[in-house]
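Here is a set of short exercises to work through with the model open beside you. Try each task before you read its solution.

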Amino acid sequence: YLGYHRLSEDIDFNWKNRSEFENLSGKQSRKYCSKKITEFANLLEKISDENGLDFKAEKNNKNYIQLGSSSKQSTFKVGYTPVVTGVRSSIKIQISFIEKTVFEVKKARLNPLISYIALSEEEKRYFQNILNIYKSELDYYVFDIKEIYTEIIRAILTRKKLKSRDVVDIYFINKKYDLNLMNLSKECKHKINFAIKNYEKY
């Protein structure tokens, strides 16, 4: 939606096929979610190994996987060491099995960072191997921009500390899409109530 006005190390997903476990008993739904988490963790470990990243599919190791809400909220931490700083950091991938989207999910083109950078022919030849990795485009399910907007408003009002990135995101979304908070007050209230009910202890 906004290009790359900033880079995020957090990637958030909601589980799309909720109908597969919504009508199950509590024990059965936890078992379903646990199985899906294990499958994703194994895949993520394989991808990490292939790309020099640090992740292990160990559900009891909080350095890699954190579970909450009876295994219906999962956070995966993929470690890496930046070339510039040399200080270990991590990419956080969060999957929620309990959150429902307010607005309809849709498919959109995910544009790589490199698509926003003008390179000379010489640079393209020199960085050809790296560019071949990053230049691919992908069509994938994404949240509606209003979903993102209301979720950021929820974060601003429910986090213990205000994060400047949320304010920056709201500014750029308003600038490009001219969203009116008053027109989305009902959706914002829904998200705030949901967060208070499900994440109060966090």
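The exercises below go from the whole chain to single residues, and the model they rest on is predicted.

**Exercise 1. The whole chain**

Task: Find how many helices and strands the protein chain has, and in which pattern they follow one another.

Solution:
- Step 1. Start by counting: the protein chain has six helices and six strands.
- Step 2. Now read along the sequence, and the pattern that appears is β-α-β-β-β-β-α-α-β-α-α-α.
- Step 3. For the overall dimensions, the C-alpha atoms fill a box of roughly 60 × 45 × 30 Å along the principal axes.
- Step 4. Of the 202 residues in the protein chain, 25% are buried.
- Step 5. Turn to contacts between residues at least 6 apart in sequence: 61% of these join residues at least 24 apart.

**Exercise 2. Helix 1 and what it packs against**

Task: Say which residues of helix 1 are buried, and which strands they pack against.

Solution:
- Step 1. Check the length of the helix: helix 1 has 25 residues and reaches 36 Å from its first C-alpha to its last, close to the 36 Å expected at 1.5 Å a residue.
- Step 2. Pick out the buried positions, which are Ser29, Tyr32, Cys33, Ile37, Ala41, Leu44 and Ser48.
- Step 3. Recall a rule for reading such a list: an α-helix has 3.6 residues a turn, so residues three or four places apart point the same way.
- Step 4. Look across from the buried residues of helix 1, and you find strand 2 (65-68), strand 3 and strand 4 packed against them.
- Step 5. For contrast, take Lys35, which also lies in helix 1. Lys35 counts as exposed because its relative accessibility is 52%, and the cut-off for exposed is over 50%.
- Step 6. Past the helix comes Gly52, which has a positive phi near 70°.

**Exercise 3. Two nonpolar cores**

Task: Find which residues have the most contacts inside the largest nonpolar core, and which element gives the most to this core.

Solution:
- Step 1. The largest nonpolar core has 14 residues, and Leu44, Phe55, Ile65, Phe76 and Phe97 have the most contacts inside it.
- Step 2. Helix 1 (26-50), strand 3 (73-80) and strand 4 (89-96) each supply at least two residues of this core.
- Step 3. The most comes from helix 1, with five residues.
- Step 4. Zoom in on Phe97: beyond its neighbours within four places in sequence, this residue is in contact with Trp15, Arg18, Phe21, Cys33, Lys36, Ile37, Ser71, Lys72 and Ser74.
- Step 5. There is also a second, separate core of ten residues, including Tyr149, Leu179, Leu184 and Cys188.

**Exercise 4. Helix 4 and its partner**

Task: Work out what span helix 4 should have, and how the axes of helix 4 and helix 5 cross.

Solution:
- Step 1. Helix 4 (residues 145-158) has 14 residues, so at 1.5 Å a residue it should span 20 Å; its end C-alpha atoms are 20 Å apart, which agrees.
- Step 2. At the start of helix 4, a side-chain oxygen of Asp144 comes within 2.7 Å of the backbone nitrogen of Lys146.
- Step 3. Two packed helices are described by the angle and the distance between their axes.
- Step 4. The axes of helix 4 and helix 5 (residues 164-177) come within 10 Å and cross at roughly 150°. This crossing is left-handed.
- Step 5. Among the residues that meet here are Ile145, Tyr149 and Ile152 in helix 4, and Ile170, Ile173 and Tyr177 in helix 5.

**Exercise 5. Buried or exposed?**

Task: Decide whether Glu147 is buried or exposed, and do the same for Asp178.

Solution:
- Step 1. Glu147 is in helix 4. Glu147 is buried because its relative accessible area is 3%, and buried means under 20%.
- Step 2. The side chains of Glu147 and Lys191 are joined by a polar contact of 2.6 Å.
- Step 3. Asp178 sits in the loop between helix 5 and helix 6 (185-199). With a relative accessible area of 66%, Asp178 is exposed.
- Step 4. Most residues other than glycine have a negative phi. The phi of Asp178, however, is positive, near 50°.

Technical notes
Residues numbered from 1 in each chain as written. Predicted model: local features only at pLDDT ≥ 70, side-chain atom pairs only at ≥ 80, totals over all residues. Heavy atoms only, no water. Helix = DSSP H or I, 4+ residues; strand = E, 2+ residues; numbered from the N terminus. Expected span 1.5 Å × (residues − 1). Polar contact = N/O pair within 3.5 Å; in protein donor to acceptor, adjacent residues only side chain to side chain. Core = buried A, V, L, I, M, F, W, Y, C linked by side-chain atoms within 4.5 Å. Buried < 20%, exposed > 50% of the residue type's maximum accessible area, 1.4 Å probe, protein only. Contact = heavy atoms within 4.5 Å. Axes fitted to C-alpha atoms, helices over the stretch in contact; angles between N-to-C directions. Left-handed = near helix turned anticlockwise from the far one by under 90°.
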